[in-house]
Amino acid sequence: MESGAPPGPAGTLRGRYCTLERLDPARHADDLYDAYAAAPDARDWTYLGVGPFTAREDYHDWAQGVASSTDPRHYAVVDNSTGRALGTLALMRQDPTNGVIEVGWVTFSRALQRTWASTEAHYLLMRYVFDELGYRRYEWKCDSLNAPSRRAAARLGFSYEGTFRQAVVVKGRSRDTAWFSLTDGEWPGVRAGFEAWFDPGNADDGGRQLSPLRTRA
């Protein structure tokens, strides 16, 4: 039975629409703060343990504090068309012995949400976890009240496994945590769904998708 390898020193995962780069405050923090600050409200931070950041220096301080972490290992999502960082996500709770790893800290700005790049960012990280690092299980956890996150997990191919009641306290509120997972046995079918969705023939002349992403048979 195979297990996973710890994420190596390589910090860049390149795709057609976006590139994942290890979070570097000097290169990414200003772009990220501007992208987040452009939202008309703060609801994107409701279920996160940090934010919203109302001052640029506060976000810089936070980014500086997590950039050197290896677990969670934070990545900036850089839009290939503009070179600007528009969101972050992280690999966390790394368990190479058992081949289990989790994606978390998904913080996508409004400019990144519901785009080809936002889906590709998850695909690039999945492909890295399964095809390069050799993990057996990839986890997604979220607040049970976070309906957009639950929908995203299902769309991306994760299976719901249950809810841990009163799992943690976030911003002074007790949180029930919904658990999702994707296994290495499921990954080839999920990967094929992503590749079909990303096929150039699935976009019209305006760049809009013609068929929805199908990660499950």
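For these notes I count Ala, Val, Leu, Ile, Met, Phe, Trp, Tyr, Cys and Pro as nonpolar, Asp, Glu, Lys and Arg as charged, and the others, Gly among them, as polar. The model I am reading is a predicted one.

**Entry 1: the largest pocket**

I looked up the largest pocket and found a volume of about 1,600 Å³. It has 42 lining residues, and those closest to its centre are Val 106, Trp 140, Asn 146, Pro 148 and Ser 149. I then listed the elements that give two or more residues to this lining: β4 (85–95), β5, α3 (116–132), β6 (137–143), α4 (147–155), β7 (159–170) and β8 (173–183). Which element gives the most to the lining of the largest pocket? I noted β5, with 7 residues. By class, I have 19 nonpolar, 13 polar and 10 charged residues in the lining of the largest pocket.

**Entry 2: the second largest pocket**

Next I took the second largest pocket, which holds about 170 Å³ of space. Its lining is made of 14 residues, and Tyr 36, Ala 37, Asp 41, Trp 45 and Pro 52 are the closest to its centre. Helix α1, residues 25–37, gives the most to this lining, with 4 residues. I sorted the lining of the second largest pocket into 10 nonpolar, 1 polar and 3 charged residues.

**Entry 3: the cavity**

How many cavities of 30 Å³ or more are there? I have a count of 1. I put down about 40 Å³ for the space in the largest cavity. The residues lining the largest cavity are Tyr 36, Trp 45, Leu 48, Val 50, Tyr 59, Trp 62, Thr 88, Trp 105 and Thr 107. Two elements, α2 (56–67) and β5 (100–108), give two or more residues to this lining. I find 7 nonpolar and 2 polar residues in the lining of the largest cavity, and no charged ones. Tyr 36 and Trp 45 are named in the lining of the largest cavity, and I had already written both down among the residues closest to the centre of the second largest pocket. Likewise, β5 gives residues to the lining of the cavity and to that of the largest pocket.

**Entry 4: cis peptide bonds**

I noted a cis peptide bond from Gly 51 to Pro 52, with omega near 0 degrees. Pro 52 sits in the loop between α1 and α2. I also have Pro 52 from Entry 2, as one of the residues closest to the centre of the second largest pocket. Another cis peptide bond joins Asp 71 and Pro 72, and its omega is about 5 degrees. I placed Pro 72 in the loop between α2 and β3 (73–79).

**Entry 5: positive phi**

I checked Arg 114, which is not a glycine yet has a positive phi, near 60 degrees. Arg 114 is in the loop between β5 and α3. Is Arg 114 buried or exposed? I count Arg 114 as exposed because its relative accessible area is 84%, and exposed means over 50%.

Lys 171 is also not a glycine, and its phi is positive at about 55 degrees. I found Lys 171 in the loop between β7 and β8. Its relative accessibility is 45%, so I count Lys 171 as partly exposed.

**Entry 6: helices α3 and α5**

I looked at how α3 packs against helix α5, residues 187–198: the angle is about 145 degrees and the axes are 11 Å apart. The crossing of α3 past α5 is left-handed. From α3, the contact takes in Trp 116, Thr 119, Glu 120, Tyr 123, Met 126, Arg 127, Phe 130 and Asp 131, and from α5 it takes in Trp 187, Arg 191, Phe 194, Glu 195, Trp 197 and Phe 198. I sorted the residues of this contact into 8 nonpolar, 1 polar and 5 charged.

**Entry 7: Thr 119**

I followed up one residue of that contact, Thr 119, which lies in helix α3. I count Thr 119 as buried because its relative accessibility is 4%, and buried means under 20%. Which residues does Thr 119 touch, leaving out those up to four places away in sequence? I listed Arg 155, Leu 156, Phe 194, Trp 197, Phe 198 and Leu 213. Thr 119 and Phe 194 are 75 residues apart along the chain, and their C-alpha atoms are separated by 8.8 Å.

How values were computed:
Residues are numbered from 1 along each chain as its sequence is written. This is a predicted model: local features need pLDDT of at least 70, side-chain atom pairs count only at pLDDT 80 or more; totals for chains, interfaces and linings use all residues. Side-chain values use heavy atoms; hydrogens and water are left out. On a 1 Å grid over the protein atoms alone, a cavity is a set of points where a 1.4 Å probe fits but cannot get out, and a pocket is an open set with protein on both sides within 12 Å along at least five of seven lines; lining residues have an atom within 4 Å of a point. Grid points are joined across faces, edges and corners, and a volume is the space filled by probe spheres set on the points. Axes are lines fitted to C-alpha atoms, for helices over the stretch in contact, and angles run from 0 to 180 degrees between N-to-C directions. A crossing is left-handed if the near helix is turned anticlockwise from the far one by less than a right angle, and right-handed if clockwise. Contact means heavy atoms within 4.5 Å. Buried means under 20% relative accessible area, exposed over 50%, partly exposed in between (1.4 Å probe, protein chains only).
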